[in-house]
Amino acid sequence: MIRIISAFILAMVSTLCFAAGQPLQLAASAPNRYVVVPGDTLWGISGTFLKEPWRWPEIWRMNRQEIRNPHLIYPGDVILLDRDAQGNPRLRLQSARLSPQIHAEMNEQAIPAIPPNVIRPFLSDPLIVEANALDSAARIVATQVDRVYIGPRDVAYVVNADPAPRDWQIYRNGQPLRDPETDAILGYEAFYLGTARQLEAGNPATFEVLTVKQEVGLGDRLLPAVPPALIAYVPHKPDFAVDGRVISVYGGVDAAGRGSIISINRGAADGIEIGHVLALERNRVIHKRDELDAKSVVDIPPSRVGLLFVFRIFDRISYGIVVQSEGTVDINDFVRTP
């Protein structure tokens, strides 16, 4: 479920990048007036006004609380670009609604930050299973009439299931995600199989399989289904230095492009937030010989290969969508503060 940015944002001094003293750069064709239309995204509208879309909170003069608890923008709302007394650009909203409100539920008519159809499957399905959670996860030990694989409406018998939750998700152990810097296992990328409902508590407990993406069988694991939290997706850059690495491209491939989902070795424990925009960079070196014909390596500035929009975080891992790319994004590329 997605919460997004909204009506009547108060003009307040930004606590993010204004302190850095870097002036906002408007896009070459930034309009003075923009009417929000269905299909717009917050990222797209940001790019209409700014060369650096992740500086959206600055031009709105948002404070930290507004970033974490934004309101909503709807089709028909009018965004106006003007300047303050010091000549700095700012945006304000001329709402077409008489009484805008904050909605607790997702409203499909509100403008999302990034395309919801791309990230929706990643919001509720389990993606990362912490390494220390594998041993205690509920497990299928028997199936209906000793069948090897089961599907919808079939019965499974599960050990170590908490008797309280009724709705569960089924997964299979996936590949370990290792930190390229330390080689430590940060977690396991869960292979999502489907959903089940606990019919009768016990050890083993009786479960009914509800939906499957792939056949379910002995040894598969179950986790209680937890509705995704209401999250504010406001693009903003971290106000601290980030220096991490790309550890996987979702789908088991080695390279990503615009619209791909990737994971990085930085998470909530490192200060990463929903909505953080990170630069994807590739370190470069040149191998050459000096005047004595000895081999030498020259470090040159890293090249930016794209931008990452973080939409889901775990303790030590985060998932993001590549919103801009100037070529492929590879495993072991760097993620840094833009």
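This report walks through a predicted model of one protein chain, from its overall make-up to a handful of individual residues.

**The chain as a whole**

Let us start with the broad picture. The secondary structure of the protein chain comes to five helices and 24 strands. The chain has 338 residues, and 47% of them count as buried. Its accessible surface is about 16,500 Å², with 51% of that belonging to carbon and sulfur atoms. Contacts across the sequence are worth a look too: among those in the protein chain with a separation of 6 or more, 71% are between residues 24 or more positions apart.

**An open sheet of three strands**

Towards the N-terminal part of the numbering, you will find an open sheet formed by three strands in the order 2-3-4, with antiparallel pairing. Strand 2 (33-35) and strand 4 (89-94) are at the edges; each has a single partner strand, so one side of each is left without a neighbour in the sheet. From one strand to the next, the twist averages 20°. Strand 3 (residues 78-83) and strand 4 run antiparallel and are joined by six bridges. To locate this pairing on screen, pick Asp82, whose bridge partner in strand 4 is Arg90.

**Helix 1 and its buried face**

Helix 1 covers residues 42-49, and its buried residues are Leu42, Trp43, Ile45, Ser46 and Phe49. Seen down the axis of helix 1, these buried residues fall within an arc of 165°, so they line one face of the helix. The general geometry helps here: an α-helix has 3.6 residues a turn, so residues three or four places apart point the same way.

**Strand 6 and its partners**

Moving along the chain, strand 6 (residues 138-143) pairs with strand 15 in the antiparallel sense over two bridges. In this pairing, Arg139 has Arg221 of strand 15 as its bridge partner. Strand 6 also runs antiparallel to strand 8, to which four bridges join it. There, Thr143 stands opposite Ala156 in strand 8.

**Asp220, a buried acidic residue**

Where does Asp220 sit? It lies in the loop between strand 14 (216-217) and strand 15 (221-224). With a relative accessibility of 3%, Asp220 counts as buried because the cut-off for that class is under 20%. Its side chain is joined to that of Arg172 by a polar contact of 2.7 Å. Beyond its neighbours within four places in sequence, Asp220 is in contact with Ala138, Arg139, Ile140, Ile170, Tyr171, Arg172, Leu193 and Glu215. Arg139, one of these contacts, is also the residue bridged to Arg221.

**Thr206 and a cis peptide bond**

The peptide bond from Asn203 to Pro204 is cis, with omega near 20°. Pro204 belongs to the loop between strand 12 (191-200) and strand 13 (205-212). Thr206 is found in strand 13. Is Thr206 buried or exposed? At 17% relative accessibility, Thr206 counts as buried. Leaving aside its neighbours within four places in sequence, Thr206 touches Val155, Ala156, Tyr157, Arg197, Gln198, Leu199 and Glu200. Ala156 is thus a contact of Thr206 and also stands opposite Thr143.

**Loop residues that are partly exposed**

Three loop residues can be set side by side. Asn160 and Asp183 share a backbone feature: Asn160 has a positive phi of about 65° although it is not a glycine, and phi of Asp183 is near 65°, again positive in a residue other than glycine.

| Residue | Loop between | Relative accessible area |
|---|---|---|
| Asn160 | strand 8 (155-159) and strand 9 (167-172) | 47%, partly exposed |
| Asp183 | strand 10 (176-178) and strand 11 (185-189) | 49%, partly exposed |
| Glu326 | strand 22 (318-325) and strand 23 (329-330) | 49%, partly exposed |

Which residues does Glu326 contact, leaving aside its neighbours within four places in sequence? They are Arg304, Val305 and Gly306. Glu326 and Leu307 are 19 residues apart along the chain, and their C-alpha atoms are separated by 9.2 Å.

Conventions: Residues are numbered from 1 along each chain as its sequence is written. This is a predicted model: local features need pLDDT of at least 70, side-chain atom pairs count only at pLDDT 80 or more; totals for chains, interfaces and linings use all residues. Side-chain values use heavy atoms; hydrogens and water are left out. Two strands pair if DSSP finds at least two bridges between them. Axes are lines fitted to C-alpha atoms, for helices over the stretch in contact, and angles run from 0 to 180 degrees between N-to-C directions. Buried means under 20% relative accessible area, exposed over 50%, partly exposed in between (1.4 Å probe, protein chains only). The arc is that of the directions from the helix axis to the C-beta atoms. Contact means heavy atoms within 4.5 Å. Accessible areas come from the Shrake-Rupley method with a 1.4 Å probe; for residues, only the protein chains shown count as cover. A polar contact is a pair of N or O atoms within 3.5 Å; within protein, one must be able to donate a hydrogen and the other to accept it, and residues adjacent in sequence count only if both atoms are side-chain atoms.
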